[in-house]
Amino acid sequence: MPTASSNSHSPSAAYFPDEPELPRLVTSFPGPASAKYLKSLGEIFDTKAAYMLCDYQKSIGNYLCDADGNLYLDVYAQIASIALGYNNPALIEIAKSPEMIDAIVNRPALGNFPSIQWEGILREGLLSVAPHGLDKIWTSLAGSDANEAAYKAAFIYHRLRQRGKNAKFSDAEMESTMNNSAPGSPDLAILSFEKAFHGRLFGSLSTTRSNPIHKLDIPAFKWPKAPFPTLKYPLDQNEEYNRKEEDDCLTELEIIIKDWDDRISAVVVEPIQSEGGDNHATPYFFQQLREITKKNNILLIIDEVQTGVAASGTFWAHEQWNLSTPPDMVTFSKKFQAAGFFYGNDELRPQQPFRQFNTWCGDPSKALIARGIVKEIKEKNLVSQVARVGEYLYDALSSLQDKHPDKISNLRGKGRGTFIAWDAPNLAARNKFLLDMKAAGINIGGCGLHSVRLRPSMCDFLRFTYLMMLMTLNSTFI
Ligand SMILES: O=C(O)CCC(=O)C(=O)O
Ligand SMILES: NCCCC(=O)O
């Protein structure tokens with residue numbers, strides 16, 4: 001069993017010398033203060049999805065504090081979006097810097113009035129970890145917005161390709177677009193996959209297919225969806241079945257592309273479908289997808305909003321696929337706090353101003369935090385750390401699965417860092433498990449129909465806290 005001394009070199013110990021070793025529970029879950037304040041907050045703000053009321057000032061490292069003073073080991077990290085733990089001292093220093101004060105108090109409209117610092121902030125931060133082959137960036141406000149900006153770039157590029165470079169817009173295009181009709185507002189599409197999650201704005205929601213409740217009552221683009229492979233786990237013991245399943249999905253994809261007859265501008269895909277249930281596909285599937293998109297002049301957008309920033313054991317999950325050519329765009333948000341997309345081809349930048357535009361065009365304060373996160377990841381070798389801890393964690397969970405196959409099945413995420421998930425027997429059992437875990441001091445998340453997912457911060461590396469989690473898992477099973 002790892003000892004506390006084996007943690008003395010962990011980033012967590014360096015950042016948070018006072019971080020507790022175990023969860024600290026002083027009330028039952030939810031505690032009375034949480035319940036009381038949630039009720040009163042509920043009078044003015046929708047709290048129907050709220051699990052607890054949190055005290056972020058008292059949260060530390062891997063521990064989330066609630067209104068009652070309970071400290072939960074947090075392996076969900078604000079839906080996968082806290083990179084370096086709560087109240088990380090390196091990020092607090094950045095927050096107190098004159099640069100940050102400037103970025104917040106004098107927030108620029110970046111498209112019109114970028115600051116003299118903006119290029120450096122991007123080059124030293126976000127762009128320094130850009131995926132291979134993608135050396136340009138567009139910044140946005142959130143994951144949905146990042147995906148929609150990428151979709152717009154794809155549509156504008158599609159029409160540029162059809163119309164020809166430097167061709168003028170026709171009068172018919174200019175007039176019809178003001179009526180939301182063709183040819184100015186063309187009947188083009190983004191193809192997404194079954195069970196995908198790409199966000200909740202109108203365009204991104206049309207590509208989200210994970211749960212009807214996300215989409216009900218909201219008008220949508222009639223865009224195509226292709227089947228995403230439903231693989232058997234562990235992947236290395238089901239290769240033949242999985243290959244056939246992936247080939248069947250790819251065949252169906254090609255049929256859809258043919259039916260749409262050059263009207264699909266881009267395919268968007270998550271490296272691991274996250275909200276939709278942590279559904280994996282193999283590198284082979286993505287390699288074939290890249291070839292199919294290239295052959296059909298369709299752009300490939302990889303949505304790394306959740307998988308990106310080291311969570312999968314490489315900085316970007318798609319690095320693990322060995323694609324013949326890079327994807328056309330890669331979107332990011334969550335752990336980076338800043339959002340946007342990377343691209344390489346200049347033609348994905350519209351030829352005219354004000355086409356890819358809004359007031360903020362991103363947020364320098366978030367880009368400063370992203371730069372700080374990049375610096376910490378590099379200095380503390382967090383990418384390999386995530387890979388190492390993920391391996392340990394996967395093996396421990398695998399033993400637990402062997403012991404309790406009726407309670408934990410389809411463990412997945414081997415070799416994918418801490419991006420690990422498994423299935424509970426059904427939705428009721430899954431939801432009970434998530435509550436039992438909270439009552440035992442561990443904040444853990446669900447996804448898909450009845451899956452449980454780990455999304456810890458990158459400095460959640462105290463092995464004994466993981467051990468604690470596993471032991472708790474164990475005791476709730478027995
Ligand atoms: O439900 C949401 O909007 C957050 C979605 C998400 O990224 C997730 O649950 O993984
Ligand atoms: N996609 C919803 C994530 C929040 C939750 O289920 O906890």
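This report walks through two sheets, two helix pairs, some unusual backbone spots and two ligand sites.

The model is predicted, so a word on conventions: local features need pLDDT of at least 70, side-chain atom pairs count only at pLDDT 80 or more, and totals for chains, interfaces and linings use all residues. Residues are numbered from 1 along each chain as its sequence is written, while chains are lettered from A and ligands numbered from 1 in the order in which they are written.

## The seven-stranded sheet

Let's start with an open sheet of 7 strands, whose order is β3-β11-β10-β9-β6-β4-β5 and whose pairing is mixed. Strands and helices here are DSSP runs numbered from the N terminus (E, at least two residues, for strands; H or I, at least four, for helices), and two strands pair if DSSP finds at least two bridges between them. The edges belong to β3 (136-140) and β5 (225-226); each has a single partner strand, so one side of each is left without a neighbour in the sheet. Helix α12 (residues 283-295) packs on this sheet, where it touches β6 (264-269) and β9 (299-303). The direction of α12 makes about 145 degrees with that of β9. Contact means that the C-beta atoms of two residues, placed from the backbone, lie within 7 Å. Angles run from 0 to 180 degrees between N-to-C directions, and axes are lines fitted to C-alpha atoms, for helices over the stretch in contact.

Within the sheet, β10 (residues 329-332) and β11 (residues 339-343) run antiparallel and are joined by 4 bridges. Phe332 stands opposite Gly340 in β11.

## The four-stranded sheet

Another open sheet has 4 strands in the order β12-β13-β16-β15, with antiparallel pairing. At its edges stand β12 (409-412) and β15 (445-447), each with a single partner strand, so one side of each is left without a neighbour in the sheet. On average, neighbouring strands of this sheet are turned by 25 degrees against each other, direction ignored. Helix α14 (residues 382-403) packs on the sheet and touches β12 and β13 (420-423), its direction making about 15 degrees with that of β13.

β15 is joined by 3 bridges to β16 (residues 451-454), and the two run antiparallel. The bridge partner of Gly446 in β16 is Val452. Gly446 turns up again among the residues around ligand 2.

## Two helix pairs

Which helix packs against α12 at an angle of about 20 degrees? That is α11 (residues 239-260), with the two axes 10 Å apart. This makes α11 roughly parallel to α12 (angles under 35 degrees count as roughly parallel, over 145 as roughly antiparallel, 65 to 115 as roughly perpendicular and the rest as oblique). In their contact, Glu246, Leu250, Leu253 and Glu254 of α11 meet Tyr284, Phe285, Gln288 and Ile292 of α12. By class, this contact has 5 nonpolar, 1 polar and 2 charged residues. Ala, Val, Leu, Ile, Met, Phe, Trp, Tyr, Cys and Pro count as nonpolar, Asp, Glu, Lys and Arg as charged, and the others, Gly among them, as polar.

The helices α5 (residues 98-105) and α13 (residues 364-379) pack at about 150 degrees, with their axes 8 Å apart. That makes α5 roughly antiparallel to α13. Here Glu99, Met100, Ala103 and Ile104 in α5 meet Pro364, Ser365 and Leu368 in α13. The classes in this contact are 5 nonpolar, 1 polar and 1 charged.

## Backbone spots worth a look

The peptide bond between Phe29 and Pro30 is cis, with omega about -10 degrees, and Pro30 is in the loop between α1 (11-15) and α2 (32-41). Another cis bond runs from Ala182 to Pro183, with omega near 10 degrees; Pro183 is in the loop between α8 (171-177) and β4 (189-193). Asp261, a residue other than glycine, has a positive phi near 45 degrees. Asp261 is placed in the loop between α11 and β6.

## Ligand surroundings

A residue is near a ligand if its C-beta atom, placed from the backbone, lies within 6 Å of it.

| Ligand | Residues around it | Shell by class |
|---|---|---|
| Ligand 1 | Ile79, Phe197, Arg200, Ser274, Glu275 and Gln306 | 2 nonpolar, 2 polar and 2 charged residues |
| Ligand 2 | Ile79, Glu275, Gly445 and Gly446 | 1 nonpolar, 2 polar and 1 charged residues |

Ile79 and Glu275 appear around both ligands.
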